[in-house]
Amino acid sequence: MARAPETFEGRYFDGESAVAAPAVATFEQGGVFVDVSAGAFVWPYRDIEKLDSGAEECRLGAKNYDDAVLVLPRAAFEALERWSPVLHGRAVTVKRMGGAIALMILAAAIVAGILFIGIPAASEPMARATPKGFETRIGSNMAAQIQTVFRTCATEESLQLIRPVIKDMAEKGDVGFPIEFEFVRTKAPNAFALPGGQVMATSGLLAAVGEDQEAFLAVMAHELGHVRGRDGLRAFYRNAGLGVLLEIVTGGSGLAQQAVLIGGQLAQLQHNREQEAAADDAAYEIMEASDLDPAALARAFEAITGYVSAENKDDNKSARKKRRDLPNWLRTHPDTGERIAAAKDRGRIDTNSAGEPKALPLTEAEWARVIVACDAPDEEDEDEAPENE
């Protein structure tokens, strides 16, 4: 069915005179038919240009009518789009697209602000306000998830030897949580503290420090510093917030939160440099309170970096192992050289008043049993165990 013509009364400026002539414009098939006192003419839709519009009027021009302007009621713009949607509806589409793009840019800016400013800023007060019992439950759940990836190892005898030592250090350091300690199997020399007092060390860390019991305990003191600072919970809230944000952005599929909160549990435990420096300071304090040498933390750094370098040089079993870099325990921390120097500055004379070496928490024989805690093979070959990278 043919569309009925639409007629509008307006004014016509011919571009040569400033005087407007009364005009009647009729929109119909083929173009706009303009009738003025000097005669009538047709503007084909393909030649018409939208100049501007106000609240009540709009202005049209035409390619072959230089400087000529047809002033019509505002509704003529909509009529032009109805009669020539391909040519003149496009302007509306582009305008709408421009608005949509502007909204997307604004939304991206808001998301970026929440992600990089809002969530990190909110994580600390949220951690302080969280009841410790709730934090402990969070840590226990995270530990169970991590242990599906990193298999626990160590004999019960070795755990009975080392757990009381770490718990005693935690009490002297007033970390505020009961400590649950486990060894997990992976060659990457690493250690991490989950929310609520869950502390884990890897078999690779035992291999790296070897007979240096104090170096291992210095690493544990550092992780206890993270427990005291509730850094694991702060990291959890940062990433939980990221997961919720991703759920909103991705439409609530559930996959985003699962990827952040489960698949990336260890990545959540990365801390900023201020938190790492504070954990180092806590380690010095805890070591001194435990009558241990704070400089052992420097030996731990040196042992770990040396172990990783040797692994990279000597291990030719697979390309994956050749690419092994520093573990997160060093890679995400402040400059290792600076930390080694700072730890050495905190060293003390490691002898008693009689000039004899001070006793360590475990005897050499006891520590030797801890060192081999994870040596027994699991059901699966250790080389296939995932690494904290």
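## A loop residue after strand E8

Ala154 sits in the loop that runs between strand E8 (152–153) and helix H4 (156–172). Its backbone is a bit unusual on paper: Ala154 is not a glycine, yet its phi is positive, at about 95°. As for burial, Ala154 has 24% relative accessibility, so it counts as partly exposed. Keep in mind that this is a predicted model.

Past H4 there's another case of the kind. Asp174 is in the loop between H4 and strand E9 (180–184), and it too is a residue other than glycine with a positive phi, here near 50°. Asp174 has a relative accessibility of 59%, and because the cut-off for exposed is over 50%, Asp174 counts as exposed.

## The chain overall

Stepping back, the chain holds 15 helices and 11 strands. It has 389 residues, and 44% of them are buried. Now take the contacts between residues at least 6 apart in sequence: 62% of these join residues at least 24 apart.

## H4 against H15

How do you describe a pair of packed helices? You give the angle between the two axes and the distance between them. For H4 and helix H15 (residues 364–371), the angle is about 125° and the axes are 9 Å apart. The two helices are therefore oblique to each other, and H4 passes H15 in a left-handed crossing.

On the H4 side, the residues that meet H15 are Glu157, Ser158, Leu161 and Ile162, and their partners in H15 are Glu366, Trp367, Arg369 and Val370. Sorted by class, this contact between H4 and H15 is made of four nonpolar, one polar and three charged residues.

## H6 against H10

Next up is helix H6 (residues 213–229), whose axis comes within 7 Å of the axis of helix H10 (residues 273–289), with a crossing angle of roughly 120°. H6 and H10 are therefore oblique to each other. Which hand does the crossing of H6 and H10 have? It's right-handed.

From H6, the contact takes in Glu214, Leu217, Ala218, Ala221, His222, Leu224, Gly225, His226 and Arg228. Across from them, H10 brings Gln275, Glu276, Ala279, Asp280, Ala282, Ala283, Glu285, Ile286 and Met287. The class breakdown for the contact of H6 with H10 is nine nonpolar, four polar and five charged residues.

## Ala193 and Gly225

Gly225, one of the H6 residues that meet H10, also comes up in a pairing with Ala193. These two are 32 residues apart along the chain, and their C-alpha atoms are separated by 9.0 Å. Ala193 belongs to strand E10 (residues 191–193). Is Ala193 buried or exposed? Its relative accessibility is 3%, so Ala193 counts as buried.

## Thr26 in strand E2

Finally, over to strand E2 (residues 21–28), which is where Thr26 is found. Thr26 has a relative accessibility of 16%, and because buried means under 20%, Thr26 counts as buried.

Which residues does Thr26 touch, once its neighbours within four places in sequence are left aside? The list is Pro5, Glu6, Thr7, Gly31, Val32 and Phe33. With Thr7 there's a side-chain link as well: a polar contact of 3.4 Å joins the side chains of Thr26 and Thr7.

Methods. Residues numbered from 1 in each chain as written. Predicted model: local features only at pLDDT ≥ 70, side-chain atom pairs only at ≥ 80, totals over all residues. Heavy atoms only, no water. Axes fitted to C-alpha atoms, helices over the stretch in contact; angles between N-to-C directions. Helix = DSSP H or I, 4+ residues; strand = E, 2+ residues; numbered from the N terminus. Parallel < 35°, antiparallel > 145°, perpendicular 65-115°, else oblique. Left-handed = near helix turned anticlockwise from the far one by under 90°. Contact = heavy atoms within 4.5 Å. Nonpolar A, V, L, I, M, F, W, Y, C, P; charged D, E, K, R; others polar. Buried < 20%, exposed > 50% of the residue type's maximum accessible area, 1.4 Å probe, protein only. Polar contact = N/O pair within 3.5 Å; in protein donor to acceptor, adjacent residues only side chain to side chain.
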